[in-house]
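Q: Please take a close look at one part of this structure, the way its interior is packed, and explain it in a single connected account. I would like the reasoning behind each description to be spelled out where there is any.

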Amino acid sequence: MARHGWLTWWLSLVIVGVLSAPAFTETTEDTNHPDPLDPFQRAVVDSLKFPERTTPRELLDGAIRAASVEALDSTSEFLEKFDEAFEKEPDQEDTLAHLGESFQTAELSRLERFLKKTAQPEQAQAVAFLIDGMQNAAQRKRTDPSRLKQAAVDLGSDNVFVRQQAATTLMEGGTYALPMLVEILMETVPTLNETPLSRADSRTRTLAETIIEDSGERGVRALTAWLGSDDFQRFPGIIYALNVLVDSGCLPAGKQTNPDAVANLDLASVLFAPACVPEFASATREAAFQLLVKLEQQGHTDFGGKPLTQDLACQMLTAKLDQLLTPVGIPTPDSLTEGAASITSPRPTVEQYLWVTQTSRPEIRYLPPVACRSLRAGHIARDLSGLGCVHPRTVRLVLLAQSEALLIFQDDHFLALNELPTETITETLSGPAGFSTELAAGVLDDALDRSMPLAAAVAARAIREVHIKKPVTISSIRPPLVRALAAPSTLVQFEASQTLATVSPHLPFTGSSRLFDRLLYFASSSGTDRVIITYPNQDTAEFLKSSVAQFGFTASITSSGRLCVQGVRQSPDVRLVILSARLPDLGASEVVQLLQQESLGDQLPVLVILDPLDDDKACRRRTRLVLSLADFDNALLTDRLESQFFPSIHQPETAHEVIKPPRFPETLTRIAGPQATDQSWRQIQANHRLQRAHTALDALTRLSTLGWDIRGAFSVAQNGLRHAETFEPAMRLLTNMPSPDAQQSLFDLAWSPDLGKNVREMAVGALGESIRIHGILLTNSTLRIINDMYNISSRGGDSSIDRSLVALFQPPRQSAAADAQETN
């Protein structure tokens, strides 16, 4: 009979999936595997029976103690009773929070590990959800704003016990209590409030300072992030709180002891603007100036013997931003994100405090390292702008940081860039004298030097958008655009090719062949997800081809590493490469290295398939392969067993028989991320590739009118006729192409009997325009067909096809007077 306990309540909050109830009723009595206890286990289990446990806390404690001696039956019994007791609790959220505060993480982890190893999967999963719910509820309770605000009020109570409880509550709140504590400082610090302090206020301030000291290094990071907000009114209190932490020795380690210090925002860097920007209140400037002086005296910063001035602040912040906008400025990951599913590999992230406007407090977020760097660089760039620093190097660094920030937090960079208004892009890249294409080209050059593809894409787009409205000089902006055509980013290559084709379309110029090659590459997309399978054995290659087809991939087979690289160069639709570990010409690691060439754009995920004979942990070849691929983030060594691509039975003909799904989605997720198995995301990316193909075809058509030889794009244009997204631009390109093959392709299209009326009219019109521009280039056999249509009034069921085509080849009718003159 089903019961409804804590698990059912958890389901009502839409936090867990559908699980069968009751969660803990199934014990080992229902299985064929008894759970005998030795004397020590029996003694522990017996000791847990008396006194009787009735509350959720007591019952969960009993389950933890029983699990510590691996007594599964007793553990399950306590958990079953816990379910019943939890159901009766009037405030289950508060109960969960109390449980989360009552048990240490290590205890709960041991319980979870024991159940995963010995209990039924649904039991282990239910306990995992319970533990997660307890810890989340405890965290919500500790950081509840209303609770912390009341504790801040109680900190001024005359009752010592109330003050102690309030101080404990605020300490438990950690950095989330800082806004309340800063508010106390704003009201009680003598330098910030001219009113003399009472004894109670002085006591409250002292308690607040003590609690701030307890926040330690995390407090410094949270307050530093707060200084990056627009909450300027509280800056004096924030700086005073930082002063307290500096006096208590809570600053993070410096360059001498912390190799990652360059990537962090040191305290001095975020104080220059509050100390020197005249728009800040005098209390802010004075507090920041005094703290900077103290930091230099303690050796945390160095002014080089110079007085602290606005010029010095600009120099030091420029140097800091210059360091941040390099690979060294990307912080080292210090945590892993939790996967949304069991197949999702954890992603390296950085713990970063952000000022959250909605909650008015600094909160922890886990960001990708590059996004974290961009956030920190944006803080420095904002301060440099506020200081009015106008040195050209400083201006370019600021614009570089601002450009990257436009896209860094977007999931779909191509879509986000397309949706950015021109005004936003040009404003982001505007220096003290406004926007200039030369300055944008300089930012593009810097972005390429510093491996900042998003900033480079924004700069390239800005140059193009401005040129459309007002033509610009070419000499200074062409070199960085040509250079961007070989950037290790598909987005940068596409934006640079479109910009170069727009602002510098006239031949000759250095890089024109590279531009044509990139346009052909983008125009060749068919919107399908392709896989290149490189395997010397044809039977194995066909097996792999049919296997990946069920996951939505269209496979092409090659037999050598060189052909594999060539195939990747020719198609933007290749999403995955599958390599044999044994190739006839190159080693697997050599092919991976060639695929990482910058000119190929984004790095593709590569699966290296291990031969079954080599799939032995003791095999030397396997060891060599593992070592050779260790330096490549985009390569993964795997197998080609049937369980990789098809469902398999685990522990067949036993009580634990389970049908497991194919491992390929998990393998693909590990190498390409969870989005690689998301069909909707893949479709969005395919649409983006078709959109880029449409744009590239139009660019090739424009170039053809300026004297470019585009006959090499014939196969690409023909491919474009097969897709609705690229049909019209492909037909326009064929129209402008001085090639018999192109004109024949247009004739075949217009002659096709299964076309709709509108499409046929377009095809006939395109053929007519091709004849007008280039003359008749059709073959003799095609001209005989046209002659037959001219002499026969009707062919088949649709004579309109004949009439519309024949009309293109009829000579212009002469006037009656001309006919009479010709007769005479």
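A: Among the contacts between residues at least 6 apart in sequence, 69% join residues that are at least 24 apart; this, like everything that follows, is computed from a predicted model. The protein has 824 residues, of which 49% count as buried, and its secondary structure comprises 38 helices and 10 strands.

The nonpolar interior can be taken next. The largest nonpolar core holds 159 residues, and those with the most contacts inside it are Leu-181, Leu-223, Leu-267, Leu-271, Leu-292, Leu-295 and Leu-321. Helix α21, which spans residues 453-469, supplies the largest share of this core, namely nine residues. A second core, separate from that one, has 32 residues, including Leu-96, Phe-103, Phe-114 and Leu-130. To return to one residue of the largest core, Leu-181 touches Leu-170, Ala-208, Ile-211 and Ile-212 once its neighbours within four places in sequence are set aside.

Helix α21 also has a packing partner that can be described in detail. Helix α20 (residues 437-449) packs against α21 at an angle of about 160°, with the two axes 8 Å apart. Because an angle over 145 degrees counts as roughly antiparallel, α20 is roughly antiparallel to α21, and the crossing of the two helices is left-handed. On the α20 side the contact is made by Thr-437, Ala-440, Ala-441, Val-443, Leu-444, Ala-447 and Leu-448, which meet Ala-455, Ala-456, Ala-459, Ile-463 and Val-466 of α21. By class, the residues of this contact are 11 nonpolar and one polar, with no charged residue.

Another pair is formed by helix α6 (residues 105-118) and helix α7 (residues 121-142), whose axes come within 9 Å and cross at roughly 165°. That angle is why α6 and α7 are described as roughly antiparallel to each other, and their crossing is left-handed. Here Thr-105, Leu-108, Leu-111, Glu-112, Leu-115 and Lys-116 of α6 meet Ala-124, Val-127, Ala-128, Ile-131, Met-134 and Gln-135 of α7. The contact of α6 with α7 is made up of eight nonpolar, two polar and two charged residues.

For helix α16 (residues 369-387) and helix α17 (residues 392-407), the axes come within 9 Å and cross at roughly 135°. Since angles over 145 degrees count as roughly antiparallel and those from 65 to 115 as roughly perpendicular, the crossing angle of roughly 135° falls in neither range, and α16 and α17 are therefore oblique to each other. The crossing of α16 and α17 is left-handed. In this contact Val-370, Arg-373, Ser-374, Ala-377, Ala-381, Leu-384 and Ser-385 of α16 meet Thr-394, Val-398, Ala-401, Gln-402, Glu-404 and Ala-405 of α17, and the residues concerned divide into seven nonpolar, four polar and two charged.

Finally, one individual histidine can be placed in the chain. His-688 lies in helix α31, which covers residues 679-704, and it counts as buried because its relative accessible area of 6% is under the 20% cut-off. With neighbours within four places in sequence left aside, His-688 is in contact with Asp-412, Phe-414 and Leu-415.

How values were computed:
Residues numbered from 1 in each chain as written. Predicted model: local features only at pLDDT ≥ 70, side-chain atom pairs only at ≥ 80, totals over all residues. Heavy atoms only, no water. Helix = DSSP H or I, 4+ residues; strand = E, 2+ residues; numbered from the N terminus. Buried < 20%, exposed > 50% of the residue type's maximum accessible area, 1.4 Å probe, protein only. Contact = heavy atoms within 4.5 Å. Core = buried A, V, L, I, M, F, W, Y, C linked by side-chain atoms within 4.5 Å. Axes fitted to C-alpha atoms, helices over the stretch in contact; angles between N-to-C directions. Parallel < 35°, antiparallel > 145°, perpendicular 65-115°, else oblique. Left-handed = near helix turned anticlockwise from the far one by under 90°. Nonpolar A, V, L, I, M, F, W, Y, C, P; charged D, E, K, R; others polar.
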